[in-house]
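Q: Please take a close look at one buried residue and the part of the fold around it. I would like short sentences and a connected picture.

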Amino acid sequence: MSDDAMTEEREFNKRNIDEFRRNGGKVGGQFEGFPLLILTSSGAKSGAERVNLIAYFDIDDKIYVVGSAAGREESPAWVFNLRAHPHVQVEIGADPKRPVVARELTREDRDRIYQTVVERAPGFAEYEKRTDRVIPVFELVADR
């Protein structure tokens, strides 16, 4: 990704995060009506704080995030951050930040959950067709 594209993506992310926080977890435009959360993680290499707005799926009272990157060949940076530093924080709706642990699903569990993701958001079927990588899925579990 070019530096200009990366800067543009960061600006887009920041605007949507600001809107999420101003509106109690709601964001308009292309994200309107889609469940979103703010993930605060540590950079895999730098350890610096990273904040991302991510779609999530509540399946059987468990929270899942999908590292689709819209089907790009590379997983989003937050995937590498979760693998390196799984203790993170999330904001859902108007609720304050809370600590969680990101647990990457095994292939069998991932395939089962991804099927439900596709049923709820059919665009994710297209993402899977665009890449040869296995799109990772993480469960976010309360950090005790």
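A: Start with T40. T40 has a relative accessible area of 7%. The cut-off for buried is under 20%, so T40 counts as buried. Keep in mind that this is a predicted model.

Where does T40 sit? T40 belongs to strand β1, which spans residues 36–42.

Next, its surroundings. Leaving out residues up to four places away in sequence, T40 touches E49, R50 and V51. T40 also touches V88, Q89 and E91. K97 completes that list of contacts. Some of these partners can be placed in strands. β2 covers residues 49–59, and E49, R50 and V51 are touched by T40. β4 covers residues 87–92, and V88, Q89 and E91 are touched by T40.

Now the helix that packs on this strand. Helix α2 runs over residues 77–84. Its buried residues are W78, V79, N81 and L82. Viewed down the axis of α2, these buried residues fall within an arc of 160°, so they line one face of the helix. The buried residues of α2 pack against β1, the strand of T40. They also pack against β2 and β3 (62–66). β4, β5 (98–104) and β6 (137–142) are packed against by these residues too.

For contrast, look at E32. E32 lies in the loop between α1 (3–22) and β1. Its relative accessibility is 62%, and E32 counts as exposed. So β1 holds a buried residue, T40, and the loop that leads to β1 from α1 holds an exposed one, E32. E32 and R144 are 112 residues apart along the chain. Their C-alpha atoms are separated by 32 Å.

Step back to the whole chain. The protein chain has 4 helices and 6 strands. From the N terminus, the order is α-β-β-β-α-β-β-α-α-β. The radius of gyration is 15 Å, close to the 15 Å that the globule rule gives for 144 residues, so the chain is as compact as a globular protein of that length. Its C-alpha atoms fill a box of roughly 40 × 35 × 35 Å along the principal axes.

T40 is one of the buried residues; 38% of the 144 residues count as buried. Among contacts between residues at least 6 apart in sequence, 59% join residues at least 24 apart. The accessible surface comes to about 8,700 Å², and 47% of it belongs to carbon and sulfur atoms.

Note on methods: Residues numbered from 1 in each chain as written. Predicted model: local features only at pLDDT ≥ 70, side-chain atom pairs only at ≥ 80, totals over all residues. Heavy atoms only, no water. Helix = DSSP H or I, 4+ residues; strand = E, 2+ residues; numbered from the N terminus. Rg over C-alpha atoms; globule rule 2.2 N^0.38 Å. Buried < 20%, exposed > 50% of the residue type's maximum accessible area, 1.4 Å probe, protein only. Contact = heavy atoms within 4.5 Å. Areas by Shrake-Rupley, 256 points an atom, 1.4 Å probe, with all protein chains shown as cover. Arc of directions from axis to C-beta.
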